[in-house]
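Here is a walk through one protein model, written for someone who would rather look than read tables. Keep the viewer open and follow along.

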Amino acid sequence: EGQGDGVVGQPRPGPRQRHPVQGPGAATTFGGQPTCVLPVPGRPGAFVFIADRYNPHNLADSRCLWLLVQLGGPAPTVARRPQWESVFQKPQ
């Protein structure tokens, strides 16, 4: 029970999957509200998770959070990375 429960607290059927957001701040999605996941053009299998960080005290300071979705292993992972520009480089 808890994180990942279904609608109105009803358990989801089937095996429980690991939450894709990982690392410090993951419990609050790094302070953001998920907006969408977009494919990286020209890079099959590369996706970007986008969230908004709403600042109710200063709307002009509300920001977007862009994080790389890492595929592979038992489940996708969304985590903060120091850099990820290699995703946008053309394959050799």
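How many disulfides does the structure hold? The count is zero. Bear in mind that this is a predicted model, and then take a look at the cysteines. A disulfide is a covalent bond between the sulfur atoms of two cysteines. Here, the sulfur of C36 has its closest cysteine sulfur in C64, at 8.9 Å, and that is too far for a bond. To be counted as a disulfide, the two sulfur atoms would have to be within 2.5 Å. From the other end, C64 is likewise in no disulfide, with the sulfur of C36 as its nearest cysteine sulfur. As for their surroundings, C36 is partly exposed, at 30% relative accessible area, while C64 counts as exposed, at 55%.

Now for the sheet. Strands of a sheet pair through backbone hydrogen bonds, either parallel or antiparallel. In this model, four strands make an open sheet in the order β1-β2-β3-β4, and the pairing is antiparallel. β1 (33-39) and β4 are the edge strands, each pairing on one side only.

You can go across the sheet one pair at a time. β1 and β2 run antiparallel and are joined by six bridges; if you want a landmark, find L38, which stands opposite V48 in β2. Next, seven bridges join β2 to β3, again antiparallel, and here I50 stands opposite W66 in β3. Last comes β4, residues 77-78, held to β3 by two bridges and also running antiparallel. In that pair, V69 stands opposite V78. The hairpin of β3 and β4 has six residues between the strands, and one of its residues, G72, takes a positive phi near 120°.

What about the inside? In soluble globular proteins, nonpolar side chains tend to be buried together. The largest nonpolar core in this model has nine residues: V21, A26, F30, F49, A51, L65, L67, V69 and V78. Two elements, β2 (47-53) and β3 (63-70), give two or more residues to this core, and β3 gives the most, with three. V69 and V78, the pair that stand opposite one another across β3 and β4, are both on the core list.

F30 deserves a stop of its own. This residue lies in the segment before β1 and counts as buried, because its relative accessibility is 4% and the cut-off for buried is under 20%. Leaving out residues up to four places away in sequence, F30 touches V21, Q22, P24, G25, R53, L65, L67, V78, A79 and R80. Its backbone is worth a click too: F30 has a positive phi of about 55° although it is not a glycine. T29 does something similar, with a positive phi of about 50° and, again, no glycine there. T29 also sits in the segment before β1, and is buried at 14% relative accessible area.

To finish, go to the loop between β2 and β3, where you'll find N55. Is N55 buried or exposed? N55 is buried, with a relative accessible area of 19%, so it falls under the 20% cut-off. Not counting residues up to four places away in sequence, N55 touches D61 and S62. With D61 there is a polar contact as well, side chain to side chain, at 3.3 Å.

Definitions and conventions:
Residues are numbered from 1 along each chain as its sequence is written. This is a predicted model: local features need pLDDT of at least 70, side-chain atom pairs count only at pLDDT 80 or more; totals for chains, interfaces and linings use all residues. Side-chain values use heavy atoms; hydrogens and water are left out. A nonpolar core is a set of buried Ala, Val, Leu, Ile, Met, Phe, Trp, Tyr and Cys residues joined through side-chain atoms within 4.5 Å. Buried means under 20% relative accessible area, exposed over 50%, partly exposed in between (1.4 Å probe, protein chains only). Contact means heavy atoms within 4.5 Å. A polar contact is a pair of N or O atoms within 3.5 Å; within protein, one must be able to donate a hydrogen and the other to accept it, and residues adjacent in sequence count only if both atoms are side-chain atoms. Two strands pair if DSSP finds at least two bridges between them.
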